[in-house]
Amino acid sequence: MPVRAYHCEHADLPLPPHHPFPFEKYRETRRRLVEAGVLHADELRPAPAATREQLLRAHDLAFVDTFLAGELDADHQKRIGFPWCPELVARCLASAGGTVAAAWDALELGGAGHLAGGTHHAHRDRAAGYCVFHDLAVAAYELLAHGQVRSVLILDLDVHHGDGTATIFASEPRVYTASVHGAGNFPKEKPPSDLDLALPDGTEDEGYLQAVDQVLDQAFAEARPDFVFYQAGVDPLQGDRFGRLAVSHAGLEERDRRVFRRCRQRSLPVVWTMGGGYAKPVERTVRAHCGTWRAAAEELFGALVQ
Ligand SMILES: [Zn+2]
């Protein structure tokens, strides 16, 4: 069965030259996955824009409307890391909307992915660290609001702590939040998730995979989820510019396989998104993101990928 995937290429963000965010990774990851046969053109869909109603389940009205109008104050805007422009609005709406659409599809198909999203530093009332709207939170609330699920696990394996996820769901018993991240990484303030595991600088494959297993065991046991969102950031990769760990490409793909295998074993629908990944050359980052999709195709759908 081919993998259902949403993309945001119709909502590209023009960035100033030398901006540190490797925007080209999205298009290049999609191109490589199509070339490798992991993604098929008929299952590849443009992400729809999230609606204001969907956003407002996870975000404060004043924040949403101020951002949409381009009226955030200069300090708040600076914390995003992208300059405001109409294209940024379109991108943020598509980034949230793609995860929502993937969530609906996953209910039917067992799993679906988004070639963007994973914006876990967005809080209910503020943007930060390249994240404006919290796509995973918006999508989780969408399924909860429509009575499609009762208990959601948000598993965040990006090397940066999922601080926005933690604060948005701090008093939401229907959503269990788990994060494995680097202790020394952004953000400095790490408000508690339901389960946090912080790793020391330089952690390699063995220690990393042990930590992932430990968190998977505890999170699945405590959350008893009927739906899983997986933020599959690849910035634990050795040499990533914004991470401080030293996990190999093989280690990251093994991580992804373990996550998808657990979902498959429990017949749990899962949505995976991209996330951080800042290694240079960008080819190293793209290779790591492609590993997530290859793992999903094989572990969830039994595809045989070259
Ligand atoms: Zn990150």
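Axes here are lines fitted to C-alpha atoms, for helices over the stretch in contact, and angles run from 0 to 180 degrees between N-to-C directions. The structure treated in these exercises is a predicted model.

**Exercise 1. Two helices in contact**

Describe how helix α5 and helix α6 are placed relative to each other, and decide which word fits the angle at which they cross.

Solution. Begin with the two quantities that describe any such pair: packed helices are characterised by the angle between their axes and by the distance between those axes. For α5, which covers residues 86-109, and α6, which covers residues 135-145, the axes come within 8 Å and cross at roughly 40°. Next, compare that angle with the cut-offs, under which angles below 35 degrees count as roughly parallel and those from 65 to 115 as roughly perpendicular. The two helices are therefore oblique to each other. The crossing in which α5 passes α6 is right-handed.

The last step is to look at the residues that make the contact. From α5 come Ser 95, Ala 96, Thr 99, Val 100 and Ala 103, while α6 contributes Asp 135, Leu 136, Val 138, Ala 139, Glu 142 and Leu 143. Sorted by character, the residues of this contact are seven nonpolar, two polar and two charged.

**Exercise 2. The order of the sheet**

Work out which strands stand at the edges of the sheet, and why one side of each is left without a neighbour.

Solution. Start from the order of the strands, which in this open sheet of eight is β2-β1-β3-β8-β7-β4-β5-β6, with parallel pairing. Reading the two ends of that order gives β2 (44-46) and β6 (195-199), and because each has a single partner strand, one side of each has no neighbour in the sheet. From one strand to the next, the twist averages 15°.

**Exercise 3. The strands around β8**

Follow the pairing from β3 through β8 and β7 to β4, and state which residues stand opposite each other.

Solution. First take β3 (residues 111-114) and β8 (residues 270-273), which run parallel and are joined by four bridges. Within this pair, Gly 113 of β3 faces Trp 272 in β8. Then move to the other partner of β8, strand β7 (residues 227-231), which pairs with β8 in the parallel sense, again over four bridges. Here Val 228 stands opposite Val 270 in β8, and Gln 231 stands opposite Thr 273 in β8. Finally, β7 pairs with β4 in the parallel sense over five bridges, and Ile 154 is found opposite Phe 229 in β7.

**Exercise 4. Covered strands**

Are the residues on the two faces of β7 and of β8 buried or exposed?

Solution. Take β7 first: on one side are Phe 227, Phe 229 and Gln 231, on the other are Val 228 and Tyr 230, and all of these are buried. In β8, Val 270 and Trp 272 lie on one side and Val 271 and Thr 273 on the other, and these too are all buried. Both faces are thus covered in β7 and in β8.

To complete the picture, consider two helices that lie across strands of the sheet. Helix α10 (residues 282-301) lies across β3 and β8, running at about 170° to β3. Helix α8 (residues 205-223) lies across β4, β5 and β6, and its direction is at about 175° to β6.

**Exercise 5. Three loop residues**

Decide for Gly 117, His 18 and Arg 224 whether each is buried or exposed.

Solution. The cut-offs needed are 20 or more other C-beta atoms within 10 Å for a buried residue and 12 or fewer for an exposed one. Gly 117, in the loop between β3 and α6, has 33 C-beta neighbours inside 10 Å and therefore counts as buried. Its contacts, leaving aside residues up to four places away in sequence, are Ser 95, Gly 98, Thr 99, Asp 135, Thr 273 and Met 274.

His 18 belongs to the loop between β1 and α1, and with 5 other C-beta atoms within 10 Å this residue is exposed. Arg 224, in the loop between α8 and β7, has 12 such neighbours inside 10 Å and so counts as exposed. Although neither is a glycine, phi is positive in both, near 70° for His 18 and near 40° for Arg 224.

**Exercise 6. Cis peptide bonds**

Where do Pro 187 and Pro 281 lie, and which residues precede them across a cis peptide bond?

Solution. Pro 187 is placed in the loop between β5 and β6, and the cis bond joins this proline to Phe 186, with omega about -5°. Pro 281 lies in the loop between β8 and α10, where the peptide bond from Lys 280 is cis, with omega near -5°.

Definitions and conventions
Residues numbered from 1 in each chain as written. Predicted model: local features only at pLDDT ≥ 70, side-chain atom pairs only at ≥ 80, totals over all residues. Pairing = 2+ DSSP bridges. Contact = placed C-beta atoms within 7 Å. Parallel < 35°, antiparallel > 145°, perpendicular 65-115°, else oblique. Left-handed = near helix turned anticlockwise from the far one by under 90°. Nonpolar A, V, L, I, M, F, W, Y, C, P; charged D, E, K, R; others polar.
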